[in-house]
Amino acid sequence: MNANFATTDLTITRIDRLDDPALMAGLEALLEDAVASGASVGYHAPLSPALNRDFWTGVSRQLEGGAHRLLVARAPDGTVLGSVQLALCTRPNGAHRAEVQKLLVLTRHRGRGIARRLMTDVEEFARGLGRSLLVLDTLKGNVGEPFYERTGWMRAGEIPGYTVEADGSRHATVLFYKNI
Ligand SMILES: CC(C)(COP(=O)(O)OP(=O)(O)OC[C@H]1O[C@@H](n2cnc3c(N)ncnc32)[C@H](O)[C@@H]1OP(=O)(O)O)[C@@H](O)C(=O)NCCC(=O)NCCS
């Protein structure tokens, strides 16, 4: 894979169906890399290929359900660099709201503004769908926390003991929101 591309050359596209084996393989590599890097995205390292496949199969089903969106950032050669998901609230009192989930950028491409671009696009996309309030949660003390603070999200509070890590320790999660 050629890493010598400018961040401005990457493309971010909305994916409606996960029926392209190359894309699926790229997304699996992305999740495996994130879990191996210590990201708290639901799994303990090492992530088994079966759990990895189950995760993206589940996303595929959610996309078919219509209340879920997936944006993928790719290099000019097609390499998957990052992704983010948006879960649209379907209840009548939450029609203005959506949850941002699983913002991931390949370890070796972090710090180049890829997540910032993904979040700009997902916000624009959510706005286009009439959503004016975004929410998310991220592990306290992990890389997501400074990222969201740097990118204009408001801290709503913390839930202690929200996750159980591989060593049995419990970790707090931080809730963020953004009016867009
Ligand atoms: C969090 C994550 C998505 C950031 O991706 P990235 O592409 O490296 O982020 P960007 O380069 O777009 O950074 C945007 C801003 O956040 C800041 N930032 C990003 N990572 C940071 C870190 N680890 N510590 C401090 N600031 C950080 C950058 O400095 C930058 O600010 P600036 O533009 O004002 O300089 C990436 O580290 C990742 O995939 N982590 C694993 C998965 C995860 O934890 N996701 C979030 C919770 S679901």
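Here a colleague and a modeller talk through the ligand site and two backbone details of a predicted model.

Colleague: Which residues come nearest to the ligand?

Modeller: Among the 17 residues around the ligand, the nearest are Leu103, Val105, Gly111, Gly113 and Arg150.

Colleague: What makes the pair between Arg150 and the ligand a polar contact?

Modeller: The cut-off for two N or O atoms is 3.5 Å. A side-chain N or O atom of Arg150 is 2.6 Å from a ligand oxygen atom, so the pair counts.

Colleague: And how do you know that Val105 and Arg112 make such contacts too?

Modeller: Here the backbone takes part. A backbone N or O atom of Val105 lies 2.8 Å from an oxygen atom of the ligand, and a polar backbone atom of Arg112 is 3.3 Å from a ligand oxygen. Both distances are within 3.5 Å, so both pairs are polar contacts. As for cover, the ligand taken alone exposes 920 Å², and the protein buries 76% of that.

Colleague: Which elements supply the shell around the ligand?

Modeller: At least two residues each come from β4 (97-105), α3 (114-128) and α4 (144-150). The largest share, four residues, belongs to α4. By kind, the shell has 10 nonpolar, three polar and four charged residues.

Colleague: How do you know where empty space is left?

Modeller: You roll a probe the size of a water molecule over the atoms, and that shows it. In this model, the ligand takes up the space of the largest pocket, whose volume is about 810 Å³.

Colleague: What lines that largest pocket?

Modeller: There are 33 lining residues, and Leu103, Thr138, Val143, Gly144 and Tyr148 lie nearest the centre. Two or more residues come from each of β4, α3, β5 (133-139), α4 and β6 (154-164). For this lining, β4 gives the largest share, seven residues. The lining divides into 14 nonpolar, 12 polar and seven charged residues.

Colleague: Now the backbone. What is the omega of the bond that joins Ala45 and Pro46?

Modeller: Omega is about -5°, and the peptide bond is cis. You will find Pro46 in the loop between α1 (21-36) and α2 (49-65).

Colleague: Why do you point out a cis bond or a positive phi?

Modeller: Because most peptide bonds are trans, and most residues other than glycine have a negative phi.

Colleague: Which residue has a positive phi near 50°?

Modeller: That is Lys102, a residue other than glycine. Lys102 lies in strand β4, the element that also gives the largest share of the pocket lining.

How values were computed
Residues numbered from 1 in each chain as written. Predicted model: local features only at pLDDT ≥ 70, side-chain atom pairs only at ≥ 80, totals over all residues. Heavy atoms only, no water. Near = heavy atom within 4 Å. Polar contact = N/O pair within 3.5 Å; in protein donor to acceptor, adjacent residues only side chain to side chain. Areas by Shrake-Rupley, 256 points an atom, 1.4 Å probe, with all protein chains shown as cover. 1 Å grid on protein atoms, 1.4 Å probe; cavity = no way out; pocket = protein on both sides within 12 Å on 5 of 7 lines; lining within 4 Å. Sits in = over half its atoms within 2 Å of the grid points. Nonpolar A, V, L, I, M, F, W, Y, C, P; charged D, E, K, R; others polar. Points joined across faces, edges and corners; volume = space filled by probe spheres on them.
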